[in-house]
Each structure stands twice: as C-alpha cells, then as structure tokens.
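Grab a pencil and work through a few short exercises on the structure below. Try each task yourself before you read the solution.

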Amino acid sequence: MRPYLRAVALCVGAGLMALPAAGRAAQARPFSINIEPSYFGGTFGTGNTVSVYEVPVTFEYRSARVRLRLEIPYIALTGAGLLSGGAVIQTNNHRVWRTGLGDIWASADYRVLDAAGYRPSVRPYVKVKIPTASRLQGLGTGRPDVELGGHFEWNWDDRLLPYARVGYRVVGRAPGLRLRNTLTFEAGASLVVARHGYLTALFLNNGTLQRGAGPAEQVIGAYTVRITQTLTFQTYLTHGLTPDSPEFGAGMGLTEKF
C-alpha cells in the first residue's frame with residue numbers, strides 16, 4: 001500500500017523543494033528519514049474485508065538534481081489477498097492475521113529539465129521492487145517488479161504546486177496470480193495555506209495488475225506542516241473510486257532531515 005502515501009509525499013516534497021528557502025535547506029541537509037504508520041481497508045474486489053496496517057521507514061538522499069530513495073515496510077494484514085506494489089491481489093488463501101517484512105522499494109530520479117513559468121520540471125525515474133515480502137504469508141508476490149516513468153512538477157508563484165506522474169510497471173510473473181504489466185498515473189497539487197503549511201489533493205491510478213480485476217483508483221487529501229527547518233509532519237485520508245481500491249485509508253508521518 002505504500003504508493004498511496006508515497007504519492008502524497010512526493011507531491012508535497014516536490015513543492016517544498018520548489019520553494020527557494022526549502023530548496024536551500026534541502027541542499028544543506030541532503031539526507032532524510034521518514035516514518036509513516038498507515039491503515040487501508042475495504043474489499044479490494046475480493047468479496048471479503050481486507051485490512052492492511054503498515055509502518056514504512058524511508059531513507060532518502062536528495063541533491064539539486066538527484067533523488068535516491070529506499071523504502072522498508074513492516075506490514076500486518078488480514079483477509080483473503082496479498083500485496084503487490086500498492087494493490088491487493090485476489091486470492092482464496094491467507095484469511096488469517098499475518099505480519100512481517102514487506103517488499104523493499106529502491107528508486108532513483110534525475111531532473112533533466114528545470115521548471116520555468118508554466119513549463120514543468122521533468123524527472124525521469126526508475127523504481128525496483130526487491131521481493132523481501134513472504135509469498136507464503138501473503139505479504140507479497142515473491143517476484144521483483146520494475147517501473148519506469150517521469151515526474152512533472154510546477155511552481156506557480158510559490159503558492160500553487162501542481163504535480164503529475166506517469167509510469168509503466170513491469171510486473172514479475174508469479175505462478176497462479178495472473179499478473180500483468182500496467183500503466184500507472186497520478187496528478188494533483190499542493191496549495192500553500194500558511195507560512196509552513198500545505199494542503200494537497202491528489203488523484204491516483206495504480207493500474208490493473210491482475211487479469212480480470214479492475215483498476216485501483218483513489219483520491220487523497222493531505223495536510224503537511226513544517227514544524228522546524230528539519231522536521232515535517234503530514235497526515236492524510238484516502239477514498240477509493242473503484243471496487244478494487246481501498247474504501248478508506250488514513251495515515252500520518254514524520255520526516256527528519258539531516
């Protein structure tokens with residue numbers, strides 16, 4: 001389920017980097033650690049209730065043009081289904097409560113074009129899923145995934161910060177799951193509402209990872225506040241728009257730069 005919250009974090013993070021003061025602070029402290037407890041629940045198209053609890057820890061390095069991320073989640077899951085790249089895959093097994101390490105995601109992007117006026121900055125990216133989650137426990141597919149795409153970020157008068165991303169995910173073939181490659185997309189914007197506060201609205205489409213299932217689409221609302229020059233707090237809510245999406249999700253997180 002990480003990509004739901006990752007989408008908000010990237011959107012707001014892009015906005016914070018676009019602001020001059022925040023950009024200077026980020027360059028002075030290029031490393032950060034983020035902890036984001038979250039919950040997602042619904043049927044996810046499975047016909048039974050699935051509940052997902054997650055505590056991801058994310059390490060990031062960010063320079064003027066390069067951004068490197070490593071996401072390590074701990075997951076608790078109940079209901080018939082397993083996780084794969086932010087989606088719940090339908091299965092008839094694993095109805096009981098189980099916990100463990102989730103899949104680790106490593107990603108990198110590079111800004112090849114700077115924003116200017118109504119022209120966005122452009123950041124091609126690559127994401128790799130390291131299959132550390134247990135297939136036996138229903139915490140992952142046991143196969144690696146790779147996603148390629150681009151981030152597009154605008155900064156309009158240091159107040160409205162639109163954001164979009166489009167990607168193509170190559171899904172590792174796991175026996176018995178009927179998985180397929182898919183397009184992913186998200187678009188939204190952050191609005192500066194106070195000196196250190198940002199409201200974010202976002203639409204997210206995680207694509208259709210399983211043959212016979214529908215797309216996973218949701219809307220997300222978030223509020224982010226910079227508590228100090230190095231510490232940021234964020235809280236968010238998400239609502240699914242399709243049967244294969246979470247009916248409800250919520251989370252909060254803290255990011256410390258150093």
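**Exercise 1. Aromatic rings**

Here's a starting point: Phe31, Tyr61 and Phe258 make up one aromatic cluster. Keep in mind that you're looking at a predicted model.

Task: work out how the rings of Phe31 and Phe258 are arranged, and which parts of the chain they link.

Solution, step by step:

- Begin with the overall search, which turns up 7 aromatic pairs in the whole structure.
- Now take the pair Phe31 and Phe258: the ring centres are 5.9 Å apart and the planes are at 20°. Planes under 30 degrees apart count as stacked, so this pair is stacked.
- Next, place the two residues. Phe31 sits in strand 1 (residues 31-35), while Phe258 belongs to the segment after strand 16 (248-257). They are 227 residues apart, and the pair links distant parts of the chain.
- Last, check the cover on Phe31. Its relative accessible area is 41%, so Phe31 is partly exposed.

**Exercise 2. A tilted pair**

Task: find out how Tyr39 and Tyr53 pair, and which strands they come from.

Solution, step by step:

- A pair of aromatic rings is described by the distance of the centres and the angle of the planes.
- For Tyr39 and Tyr53, the distance is 5.0 Å centre to centre and the angle between the planes is 45°, a tilted pair.
- Tyr39 lies in strand 2 (residues 38-42) and Tyr53 in strand 3 (residues 50-62), so the pair ties together parts that are 14 residues apart in sequence.
- Buried or exposed? Partly exposed means between 20% and 50%. Tyr39 comes out at 26%, so it counts as partly exposed. Tyr53, at 36%, also counts as partly exposed.

**Exercise 3. The neighbours of strand 2**

Task: say which strands pair with strand 2, and use Gly41 as your guide.

Solution, step by step:

- On one side, strand 2 pairs with strand 3 in the antiparallel sense over 5 bridges. Here Gly41 stands opposite Ser51.
- Strand 2 is also joined to strand 16 by 4 bridges, and these two run antiparallel as well. This time Gly41 faces Phe248.
- How covered is strand 2? Of its 5 residues, 4 are buried, so you can call the strand mostly covered.

**Exercise 4. Two residues under cover**

Task: decide whether Arg62 and Thr224 are buried or exposed, and find a side-chain partner for each.

Solution, step by step:

- Arg62 is found in strand 3. Buried means under 20% relative accessible area; Arg62 has 11%, so it is buried.
- The side chain of Arg62 makes a polar contact of 2.8 Å with that of Glu60.
- Thr224 has its place in strand 14 (residues 217-226). With a relative accessible area of 2%, Thr224 is buried.
- For Thr224, the side-chain partner is Gln234, in a polar contact of 2.9 Å.
- There's one more thing to spot: the C-alpha atoms of Thr224 and His196 are separated by 8.2 Å, though these residues are 28 apart along the chain.

**Exercise 5. Following strands 11, 12 and 13**

Task: trace how strand 12 connects to strands 11 and 13.

Solution, step by step:

- Strand 11 (residues 160-171) and strand 12 (residues 182-194) run antiparallel, joined by 10 bridges. One of the partners to look for is Thr182 in strand 12, which bridges to Arg169.
- Strand 12 is joined to strand 13 (residues 197-205) by 9 bridges, again antiparallel. Glu186 has Leu204 in strand 13 as its bridge partner.
- The connection from strand 12 to strand 13 is a hairpin through 2 residues.

**Exercise 6. Positive phi**

Task: what do Asp157 and Arg178 have in their backbone angle phi, and where do they sit?

Solution, step by step:

- Most residues other than glycine have a negative phi.
- Asp157, not a glycine, has a positive phi of about 60°. Its place is the loop between strand 10 (145-153) and strand 11. At 75% relative accessibility, Asp157 counts as exposed.
- Arg178 isn't a glycine either, and has a positive phi of about 55°. Look for Arg178 in the loop between strand 11 and strand 12. At 53% relative accessibility, Arg178 counts as exposed.

How values were computed
Residues are numbered from 1 along each chain as its sequence is written. This is a predicted model: local features need pLDDT of at least 70, side-chain atom pairs count only at pLDDT 80 or more; totals for chains, interfaces and linings use all residues. Side-chain values use heavy atoms; hydrogens and water are left out. Rings of Phe, Tyr and Trp (its six-membered ring) pair if their centres lie within 6.5 Å; planes under 30 degrees apart count as stacked, over 60 as edge-to-face and the rest as tilted. Buried means under 20% relative accessible area, exposed over 50%, partly exposed in between (1.4 Å probe, protein chains only). A polar contact is a pair of N or O atoms within 3.5 Å; within protein, one must be able to donate a hydrogen and the other to accept it, and residues adjacent in sequence count only if both atoms are side-chain atoms. Two strands pair if DSSP finds at least two bridges between them.
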